[in-house]
Amino acid sequence: AMEGLADENLQSRLRGIQLMAGSNASGALVLTTGNRSEYAVGYATLYGDMCGALAPIGDVLKTDVWSMARWANANHARAGFTRPPVPEASISKVPSAELRPDQSDQDTLPPYEELDAIVREWVGHERSVDDVAARTGLGRDAVARWARALDLAEFKRAQAAVILSKGERALGRGRAEAQRPRAG
């Protein structure tokens with residue numbers, strides 16, 4: 001029997017198969033749920049939650065996803081909704097891929113506020129590890145670890161659905177060829 005990460009990834013991949021089968025049967029487009037923070041460090045399962053044709057929030061940091069959801073709820077009438085469109089529990093609950101009981105993203109990731117600060121500086125501004133650490137106030141070792149994770153996750157992003165860009169430096173295809181600092 002599979003255990004641990006292999007079992008967790010299997011669950012995600014089985015959901016991906018179901019979504020793609022539904023897409024094939026109906027002609028609907030499958031949208032991925034991954035955001036820039038998750039894609040940055042590879043916190044997404046190939047052929048699982050990365051399954052789909054388009055990643056509409058793939059270039060939006062997790063903390064910005066929460067901000068957008070709060071804005072949509074606060075301005076739902078102005079945005080054309082009869083009631084807040086995002087369930088409050090989706091915004092306020094502890095982030096989790098829900099692949100095992102009581103699992104939390106922070107079991108393996110730093111808090112999203114810290115991860116997003118690293119991604120913003122490392123990718124968005126192409127700063128060095130030392131510069132990112134100085135600008136964010138985070139330890140150099142932590143910044144180097146997550147900058148390296150970001151570089152190692154390139155193979156996943158190369159296979160990702162099309163990520164809609166909001167204009168910052170690319171995180172998807174093409175980043176590997178761009179001039180940028182390397183994790184040290």
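Tutor: A salt bridge is a side-chain nitrogen of Lys or Arg within 4 Å of a carboxyl oxygen of Asp or Glu. Keep in mind that this is a predicted model, where local features need pLDDT of at least 70 and side-chain atom pairs count only at pLDDT 80 or more, while totals for chains, interfaces and linings use all residues. Residues are numbered from 1 along each chain as its sequence is written, and side-chain values use heavy atoms, with hydrogens and water left out.

Student: How many salt bridges does the structure hold?

Tutor: Side chains of opposite charge can pair when their charged atoms come close. Here there are five salt bridges. One of them joins Arg140 to Asp130, with the closest N and O atoms 2.6 Å apart. Arg140 lies in helix α7 (residues 140-152) and Asp130 in helix α6 (residues 129-136), so this pair ties together parts 10 residues apart in sequence. Helices, by the way, are DSSP runs of H or I with at least four residues, strands are runs of E with at least two, and both are numbered from the N terminus.

Student: Are Arg140 and Asp130 buried or exposed?

Tutor: Buried means under 20% relative accessible area, exposed means over 50%, and partly exposed is in between (1.4 Å probe, protein chains only). Arg140 has 40% relative accessibility, so Arg140 is partly exposed. Asp130, at 45%, is partly exposed too.

Student: Which residues does the salt bridge of Arg36 involve, and where do they lie?

Tutor: Arg36 pairs with Asp59, and their closest N and O atoms are 2.1 Å apart. This pair links distant parts of the chain: Arg36 sits in helix α2 (residues 36-41), and Asp59 in the loop between β1 (54-55) and α3 (62-74), 23 residues apart. Both Arg36 and Asp59 are buried.

Student: Back to α6 and α7: how do I read their crossing?

Tutor: Fit a line to the C-alpha atoms of each helix over the stretch in contact, then take the angle, from 0 to 180 degrees, between N-to-C directions. The axes of α6 and α7 come within 9 Å and cross at roughly 125 degrees. That makes α6 oblique to α7, since under 35 degrees counts as roughly parallel, over 145 as roughly antiparallel, 65 to 115 as roughly perpendicular and the rest as oblique.

Student: Which residues make the contact?

Tutor: Contact means heavy atoms within 4.5 Å. From α6 come Val129, Asp130, Val132, Ala133 and Thr136, and from α7 come Arg140, Val143, Ala144 and Ala147.
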